[in-house]
Each structure stands twice: as C-alpha cells, then as structure tokens.
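Here is a short report for a reader new to this structure. It starts with one residue and then turns to the surface and to model confidence.

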Amino acid sequence: MSLPAMGNVREIPREGIERILIRGTNWLGDVIMSLPAVSAIRNTYPNARISVLAKPWVAELYQFCPAVDEVISYQAPGVHEGIRGKFRLARELRKRDFQLAILLQNAIEAAIITKLAGIPLRAGYNTDGRGLLLTHSVPRSKEITLVHQVHYYLHMVTELGCRSVETGVFLKVGEKERLMAEGIIKKRGLFGNGPLVGMAVGATYGPAKKWFPERFAALADKLVAEFDARIILMGSTQDKERATAVSGFMRRPSCDLTGETSLTEAIALIEGLNLFISNDSGLMHIAGALAVPTIAIFGSTNPTATSPLGENSMVIYKSADCSPCLKKTCPTDFRCMDSITVDDVYLPARQILAGQVAAGSVGKALEG
C-alpha cells in the first residue's frame with residue numbers, strides 16, 4: 001500500500017552518513033511491524049553502521065534483524081531512569097558520534113535525548129509536540145494513523161527519502177539458535193514425527209484480546225487426535241495462568257513453556273514450528289516475520305492495522321457492530337470472540353498441516 005507523498009518533507013541526505021542511530025519501538029509487535037522501515041534505512045545506507053536504541057525487553061529481538069549492526073540498551077527502569085538517567089544516556093550516545101537519528105518511537109523523549117546527544121540530523125514524525133526538536137519532520141495525518149502499522153513506519157522513512165524493499169528477511173535465526181531450540185524440544189520430551197504446533201493463548205493489554213482457554217484446548221485436542229501434533233504453549237510469565245487453564249481443559253498432553261523461555265529461545269522455537277496459532281500478540285508478529293504458517297485470532301483489535309506480517313499468515317476475525325473496540329475488557333457479551341468457533345480455527349489449521357495449502361492461501365481473513 002502506498003500513501004500519497006506529503007510534498008513538503010525535507011529528505012535526509014544520502015551521502016556522507018556513516019553512523020545512524022534508530023530509536024526503536026518499545027513493544028514486540030511494534031518492533032516487528034517497524035522492521036520493513038529498518039530494512040528500508042539499510043537499503044538506503046548500505047555501508048553505514050546502524051545502531052538501534054531499544055528497551056531491554058525488545059533488545060534481543062533486534063539482534064535477529066540482519067539490517068542492524070548493534071543494539072544499545074536503553075535501561076529505564078535502571079541507570080537511564082529519570083532526568084539524570086536521560087542526561088547520562090545522552091552523554092553515552094554523544095561519544096559514539098552519530099550523524100543521523102531516525103526516531104521510530106513517537107514520544108518527545110526520543111527527540112530530547114538525541115538533541116542532547118548532539119546528533120546533527122534528527123528525523124521522525126512530528127508527534128508529541130516534538131517537531132521543533134527535529135531537523136527533518138514528517139507530518140502525521142489522520143489518514144496515516146488508519147493504515148497498517150507496517151505502512152505507518154514505512155511511510156515515515158520513505159517520506160524522508162529512504163528506498164523501501166518489496167521483500168526481505170526481517171528476522172534471521174542462526175544455527176546456534178536452532179540447536180538451542182532442538183535442545184529444548186529434546187529436554188521436554190517432545191519426541192515423535194508429528195508436527196510442532198505452537199499456541200500463544202495469552203496477550204498483553206487486556207482479556208478482550210484473548211480467545212477462550214476451553215476452545216484453545218479443544219482445538220489442540222483435535223490437532224493431536226488427527227495429526228499426532230506436538231502442542232507447545234508459549235508466552236510470558238503473565239500468560240502462565242491462562243496456559244495452565246488451557247492445559248487443564250485438554251484431554252491430551254501438551255508442553256507448557258509459558259514464562260520459561262527467554263525471548264531468544266522463544267524466537268528459535270517458533271522458527272522451527274509447523275504452525276503457530278495465536279491471539280493478537282507479540283509472538284504472533286514474530287511468527288509472521290519468520291514466515292512460519294500463522295493463524296491469528298482477532299477480537300477487540302483491528303486486523304487492518306495490526307495483522308501479522310508474511311504471506312504465510314492468516315487472520316480469523318468475525319466482524320461485530322461493536323468491534324474493533326480496542327478496549328481492554330469487553331463491556332457487553334464478548335461477541336467478537338464468542339462467534340469464533342473451534343472449527344473456524346481447526347479447519348484452516350487442518351488444511352495447513354495436511355499440506356493442502358499455505359496459510360496465506362487459506363485466506364487473509366474469515367469474516368462473519
């Protein structure tokens with residue numbers, strides 16, 4: 001999708017830029033959806049050293065991005081917390097002598113820090129009142145806020161003069177990580193020839209994004225019965241209670257790794273899956289970026305804006321007159337999720353595991 005050029009944006013120079021700082025986004029899904037923009041920056045500056053400033057909980061993810069040379073940890077909470085911490089971070093960045101900062105994060109804080117760091121060229125959306133702190137400012141129109149987040153970030157960097165790439169490897173798992181995943185699978189006794197199916201049964205932000213535990217369990221049981229599937233439940237520590245509920249509803253065994261893996265381990269495990277089934281979550285976006293066949297279940301959130309990357313991804317979404325509401329908790333009857341049956345997810349999953357179609361061929365969305 002291409003958005004109309006604004007026409008009044010000053011492009012950043014292409015020559016003489018050797019050291020670039022990208023202020024990354026703060027959440028897993030946002031990081032994934034910004035990776036095409038990061039790749040566009042790399043495509044425009046193939047010989048520059050590109051560093052990403054990121055919070056610790058997403059820093060590992062950027063290390064899997066081939067377009068990034070270095071990840072700098074923004075430790076807040078930690079040594080970079082508060083006003084003194086921001087000045088400390090700015091001093092650390094100043095020593096690296098960056099020539100250009102591209103701010104994918106929208107907050108004014110990012111512009112203040114890069115200004116204090118003495119970075120001469122500072123570019124990004126003119127959000128949060130930071131336009132005067134930027135040397136190259138991109139207006140954020142209402143139209144831009146309504147598109148998929150991938151296009152939101154891409155629009156910003158292409159307006160600045162970066163050349164986007166039509167296709168590319170946005171995340172790359174190495175042999176070391178693959179061996180790590182194999183070790184975890186063997187240690188947890190996931191032997192057999194059946195397909196590996198990952199399930200992310202939780203999600204951040206609130207319960208309105210979460211399909212029902214008993215339906216995840218029934219779906220898993222059907223996949224085990226037909227394909228001898230090896231089911232792996234995945235997610236953060238905050239998802240443990242939900243995963244325990246799913247395991248309790250299942251009649252067949254599963255492997256619950258929720259809260260037991262690092263982000264690196266989770267990425268390595270997802271890369272080796274035959275299928276990933278998920279609520280709208282950070283792990284869903286990772287699976288899509290790795291081109292793993294992915295079925296994403298949407299309720300309160302908007303698949304037009306945040307569906308997973310990749311041609312091997314599809315969305316299950318039943319439209320309702322109140323969705324997408326973007327609320328944490330459903331104030332009524334949760335019809336958007338209640339209308340999605342076990343078979344709505346099982347039938348495309350069955351086709352994928354049977355090798356009849358790729359996930360993307362099943363259809364990008366199933367709407368009622």
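Start with Thr-264, a residue of helix H10, which covers residues 263-271. The model is predicted.

Is Thr-264 buried or exposed? Its relative accessibility is 14%. Buried means under 20%, so Thr-264 counts as buried.

What does Thr-264 touch? Leaving aside residues up to four places away in sequence, Thr-264 touches Glu-60, Phe-64, Glu-177 and Met-180. Glu-60 also has a polar contact with Thr-264: their side chains are joined at 2.6 Å.

Now the surface. Ile-83, Phe-87, Ile-112 and Leu-116 make a nonpolar patch there, of about 370 Å². Two elements give two or more residues each to this patch: helix H3 (82-94) and helix H4 (108-116). Ile-112 belongs to helix H4. Its relative accessibility is 38%. Partly exposed lies between 20% and 50%, so Ile-112 counts as partly exposed.

The two residues with accessibility values are set out here.

| Residue | Helix | Relative accessibility | Class |
|---|---|---|---|
| Thr-264 | H10 | 14% | buried |
| Ile-112 | H4 | 38% | partly exposed |

Last, confidence. The average pLDDT of the chain is 92. A score of at least 70 is reached by 94% of the residues. Residues 363-368 have a pLDDT below 50. In the model, this stretch has 20 contacts beyond near neighbours in sequence. Where pLDDT is low, predicted coordinates should not be read in detail.

Terms used. Residues are numbered from 1 along each chain as its sequence is written. This is a predicted model: local features need pLDDT of at least 70, side-chain atom pairs count only at pLDDT 80 or more; totals for chains, interfaces and linings use all residues. Side-chain values use heavy atoms; hydrogens and water are left out. pLDDT is the predictor's confidence in each residue, from 0 to 100. Contact means heavy atoms within 4.5 Å. Patches are made of residues with over 30% relative accessible area and no salt bridge: like charges are joined within 9 Å, nonpolar side chains (Val, Leu, Ile, Met, Phe, Trp, Tyr) within 5 Å. Accessible areas come from the Shrake-Rupley method with a 1.4 Å probe; for residues, only the protein chains shown count as cover. A salt bridge is a side-chain nitrogen of Lys or Arg within 4 Å of a carboxyl oxygen of Asp or Glu. Helices (H or I, at least four residues) and strands (E, at least two) are DSSP runs, numbered from the N terminus. Buried means under 20% relative accessible area, exposed over 50%, partly exposed in between (1.4 Å probe, protein chains only). A polar contact is a pair of N or O atoms within 3.5 Å; within protein, one must be able to donate a hydrogen and the other to accept it, and residues adjacent in sequence count only if both atoms are side-chain atoms.
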